[in-house]
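Biologist: I would like to go through the charged side chains and hear the reason behind each label.

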Amino acid sequence: MEKRILIVEDEPLIAKDLSYILEDIGIKDVSLALSYDDAREILKEKNFELALLDINLSDDKDGVDLAHFINSEVHIPFIFITSYYNSSTVARAKVTQPLAYLLKPFNKHDIQINVEMALYKADHIKENVSIFLREKSGTIQLEINDIVYLEAQSNYTKIVTPSKEIIASQTLKAILSKLPEAQFVRTHKSFATRIDQITMIKGGYVYLNDEKVPIGRSYKDDFQKRISII
């Protein structure tokens with residue numbers, strides 16, 4: 001799968017230079033945001049495997065604020081970019097748990113090493129056998145292999161397992177970003193299923209033993225590619 005990276009940098013020339021370097025190292029799907037607000041809107045509309053965040057955005061809210069938003073709502077790994085590295089900046093930034101820091105001025109070699117390492121770490125984080133989810137009673141741990149399907153319910157997500165249903169206080173998009181992409185497929189704007197739970201596909205529905213979920217028109221082609229219908 002082609003990796004998607006978001007660059008958040010308020011200096012257009014630096015943002016463009018970063019995008020060209022990423023393209024040179026094989027990352028073709030690169031999006032640019034010049035401000036905190038721009039980045040939030042893009043993150044709501046598109047999924048990414050990694051974000052490069054300039055700490056010192058010329059906004060009321062900076063890259064550290066954006067990192068907190070990512071951790072609470074989007075759940076993707078990120079690398080901080082900064083032109084200086086003082087103790088107060090480090091104190092604010094480190095609690096957000098970035099995968100790396102890039103100091104300006106940077107070069108292609110620095111970017112390639114840090115981006116490749118961050119993507120590798122992110123892929124292996126997703127290979128964990130369980131995830132932590134917030135629900136009304138607190139934070140719970142759920143085995144990934146217990147999930148049958150997920151259903152979006154506004155800003156919440158219903159997670160169905162063989163023995164229970166969980167209402168997580170996170171969006172479907174946020175939860176899917178934590179799960180191994182190879183094991184789950186989106187069938188509809190409101191539904192995603194674990195691929196190995198599918199028992200039959202018929203009449204615009206995916207059947208998962210006694211359960212069924214719809215296949216949305218705009219998701220049908222991608223769904224068929226993912227499960228290799230012949």
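The exchange below deals with salt bridges, burial and a surface patch in this predicted model.

Biologist: How many salt bridges does a search of the whole structure find?

Modeller: The search finds 9 salt bridges.

Biologist: Why is the contact of Glu9 with Lys104 called a salt bridge?

Modeller: The closest N and O atoms of Glu9 and Lys104 are 3.0 Å apart. The cut-off is within 4 Å, so the pair qualifies.

Biologist: What does the pair of Glu9 and Lys104 tie together?

Modeller: Glu9 sits in the loop between strand E1 (4–8) and helix H1 (12–24), and Lys104 in the loop between strand E5 (100–103) and helix H5 (108–125), so the salt bridge joins parts that are 95 residues apart in sequence.

Biologist: Why is Lys104 called buried?

Modeller: Lys104 has 18% relative accessibility. Buried means under 20%, so Lys104 falls in that class. Glu9 is buried too.

Biologist: What makes the contact of Lys104 with Asp54 a salt bridge?

Modeller: Their closest N and O atoms are 3.6 Å apart, and because the limit is within 4 Å, the contact counts. This pair also links distant parts of the chain: Lys104 is in the loop between E5 and H5, and Asp54 is in strand E3 (residues 50–54), 50 residues apart.

Biologist: Is Asp54 buried or exposed?

Modeller: Asp54 has a relative accessible area of 2%. That value is under 20%, so Asp54 is buried. Glu9, Asp54 and Lys104 are linked in a network of salt bridges.

Biologist: How do you know that Asp65 and Arg92 meet in a salt bridge?

Modeller: The N to O value for their side chains is 3.9 Å. The limit is within 4 Å, so this pair is accepted. Asp65 belongs to helix H3 (residues 63–74) and Arg92 to helix H4 (residues 87–94), 27 residues apart.

Biologist: Why are Asp65 and Arg92 called partly exposed?

Modeller: Asp65 has 25% relative accessibility, and Arg92 has a relative accessible area of 37%. Buried is under 20% and exposed is over 50%, so both residues fall in between.

Biologist: Which residues form the negative surface patch?

Modeller: Asp37, Asp38, Asp59 and Asp60 form it. Asp38 lies in helix H2 (residues 36–45).

Biologist: What makes Asp38 accessible enough for a patch?

Modeller: Asp38 has a relative accessible area of 39%. A patch residue needs over 30%, so Asp38 passes that cut-off. Asp38 is still called partly exposed, because exposed means over 50%.

Methods: Residues numbered from 1 in each chain as written. Predicted model: local features only at pLDDT ≥ 70, side-chain atom pairs only at ≥ 80, totals over all residues. Heavy atoms only, no water. Patch = residues over 30% accessible without salt bridge, like charges linked within 9 Å, V, L, I, M, F, W, Y side chains within 5 Å. Areas by Shrake-Rupley, 256 points an atom, 1.4 Å probe, with all protein chains shown as cover. Lys, Arg positive; Asp, Glu negative; His and termini not counted. Charge placed at Lys NZ, Arg CZ, Asp CG, Glu CD. Helix = DSSP H or I, 4+ residues; strand = E, 2+ residues; numbered from the N terminus. Buried < 20%, exposed > 50% of the residue type's maximum accessible area, 1.4 Å probe, protein only.
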